[in-house]
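Okay, thanks for coming, everyone. Let me put the model up and walk you through the fold.

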Amino acid sequence: MSKTLASPIEYLLEIKKSRFIGRIEPIQSSEEGLKKVEALRLKHPEATHVCYSLLANGQVKQSDDGEPSGTAASPMLNVLQHKGLDNVLATVVRYFGGVKLGAGGLVRAYSQAISEPLLDAEYVDLTLPAQLKLAIAFEHESLIRRLAEQQKIKLSISYTDEVIVELEAEEAALTSFLEGFSEQVRGQLRLLE
């Protein structure tokens, strides 16, 4: 199961007069993450680099923003993936201090700017909704509506020669709901693809 952060965290790292401002924050989409990167660029116009790595619903976007290829975004992404995170944006704003760090030094700096604050971070599990579709007799429609409302399960209904019910909730809640409902209607339901 993947997780995200409960709230944004920041960390300041100084190496050979260069300042690295690491920030990791929860996001809902790639678009939201990219807007936050642009806002960061506006907030730090004097910064030499604004590198980022974002994970949104399993998809990755990243930029080394002028640093040598593979020395900024990839190490940041490795830290995020190693922690099992998703729906997060990791950014590092770098103010160059005049001393070159070399490729290895950059990889260590960008990794550390993201990994250090994650040591004290608070995490929340990402639960993806599961979906279930079934066919029931008309006489069971009011029962399924009432049970779904009681258990806070999202429900949509359509009609053919029977009632087609689509349910959406956390997987464990759906499994429990289905077992209880099936028992009450004595198995008179069909699961649909």
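So, 5 strands make an open sheet, ordered E2-E3-E6-E4-E5, with antiparallel pairing. Pairing here needs at least two DSSP bridges between two strands; strands are DSSP E runs of at least two residues, helices are H or I runs of at least four, and both are numbered from the N terminus. At the edges sit E2 (9-15) and E5 (59-63), each pairing on one side only.

Quick caveats: this is a predicted model, so local features need pLDDT of at least 70 and side-chain atom pairs count only at pLDDT 80 or more, while totals for chains, interfaces and linings use all residues. Numbering starts from 1 along each chain as its sequence is written, and side-chain values use heavy atoms, with hydrogens and water left out.

Back to the edge: E2 pairs with E3 (residues 18-26) in the antiparallel sense over 7 bridges, and Ile15 has Ser18 in E3 as its bridge partner. Helix H3 (residues 102-118) packs on this sheet, touching E2, E3, E4 and E6, where contact means heavy atoms within 4.5 Å. H3 makes about 145° with the direction of E2; axes are lines fitted to C-alpha atoms, for helices over the stretch in contact, and angles between N-to-C directions run from 0 to 180 degrees. Helix H2 (residues 73-82) lies across E3, E4 (49-56), E5 and E6 (88-95), at about 35° to E4.

Zooming out, the protein has 5 helices and 11 strands, and its C-alpha trace spans about 75 × 25 × 25 Å along the principal axes.
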